[in-house]
Amino acid sequence: MGDNSNNKSEWPKAPTAYRSFYRKDCSRFTYAIGFVMASVISVAYFLTPVYSLSCLILLVSNPFSSFTWKFSSLFILSILMPCATKPDLVHLMTPVLEYFQYEEVFEFDYPEWLERTNNGEKFIIPSHPHGVISYAGICLKIACPMEFSHVPTAVASAVMKTPILKQVMGFFFIDRCFEKEYEKSTRNEWS
């Protein structure tokens, strides 16, 4: 009758680029190393607010103590220093891909993406799951070829303003998400 399920023009284009970084024969050691590497990011995320609050309390309550200044030195340095990106070191974290059983699917492969971006096309690459800290975005940074290490990954603005976390996230060339700038640029591009 009116069944259009065989009309192929209505079907979405099938992905042409698929990469899996998960191996069933992955050693327990590699898996454990990936767990430790990912845990460093999580520990920094959970302990930074406690450490920052402790530093502020110590600096207000006992500002002349040498212990206060030694304890707070990392916090103070983190406030003063900009974050540095290390895309060449990020690629050493491939055990994280094994730990998360990371897979990626794109509509086209990296060389075509590079060609299209060089021709001026702009892309938004959603990674799922995502949140305040996107492990999917971090895995994408680890997995992508070096030519794409300049492409920033967005994270909540508050993370990039928080001492210590801005250095941890900046390591992956993760940048804060500017909603107004994003909205303005997409309004001009898509309308």
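**Exercise 1. Find which residues make the nonpolar surface patch of about 410 Å², and place Leu-77.**

Solution. In this predicted model, Leu-77, Ile-79, Leu-80 and Met-81 make the patch. Next, locate Leu-77: it sits in helix 2, residues 66-80. Now check its exposure. Partly exposed covers the range between 20% and 50%. Leu-77 has 46% relative accessibility, so it counts as partly exposed.

**Exercise 2. Classify the ring pairs Tyr-51 with Phe-75 and Phe-67 with Phe-71.**

Solution. Start with the total: eight aromatic pairs. Take Tyr-51 and Phe-75. Their ring centres are 6.5 Å apart and their planes meet at 80°. Planes over 60 degrees apart count as edge-to-face, so this pair is edge-to-face. Tyr-51 belongs to helix 1 and Phe-75 to helix 2, so the pair ties together parts 24 residues apart in sequence. Both Tyr-51 and Phe-75 are buried.

Now take Phe-67 and Phe-71. The centres are 5.7 Å apart, with 25° between the planes, and the pair is stacked. Both residues lie in helix 2, four residues apart, about one turn of the helix. Phe-67, at 51% relative accessibility, counts as exposed. Phe-71, at 29%, counts as partly exposed.

**Exercise 3. Work out which helix gives the largest share of the largest nonpolar core.**

Solution. The core has 23 residues. Those with the most contacts inside it are Leu-97, Tyr-102, Tyr-110, Ile-142 and Phe-172. Elements giving two or more residues include helix 1 (28-61), helix 4 (95-100) and helix 6. Helix 6 gives the largest share, five residues. Then check its cover: eight of the nine residues in helix 6 (135-143) are buried, Ile-142 among them.

Terms used. Residues numbered from 1 in each chain as written. Predicted model: local features only at pLDDT ≥ 70, side-chain atom pairs only at ≥ 80, totals over all residues. Heavy atoms only, no water. Buried < 20%, exposed > 50% of the residue type's maximum accessible area, 1.4 Å probe, protein only. Core = buried A, V, L, I, M, F, W, Y, C linked by side-chain atoms within 4.5 Å. Patch = residues over 30% accessible without salt bridge, like charges linked within 9 Å, V, L, I, M, F, W, Y side chains within 5 Å. Areas by Shrake-Rupley, 256 points an atom, 1.4 Å probe, with all protein chains shown as cover. Salt bridge = Lys/Arg side-chain N within 4 Å of Asp/Glu carboxyl O. Phe/Tyr/Trp six-rings, centres within 6.5 Å; stacked < 30°, edge-to-face > 60°.
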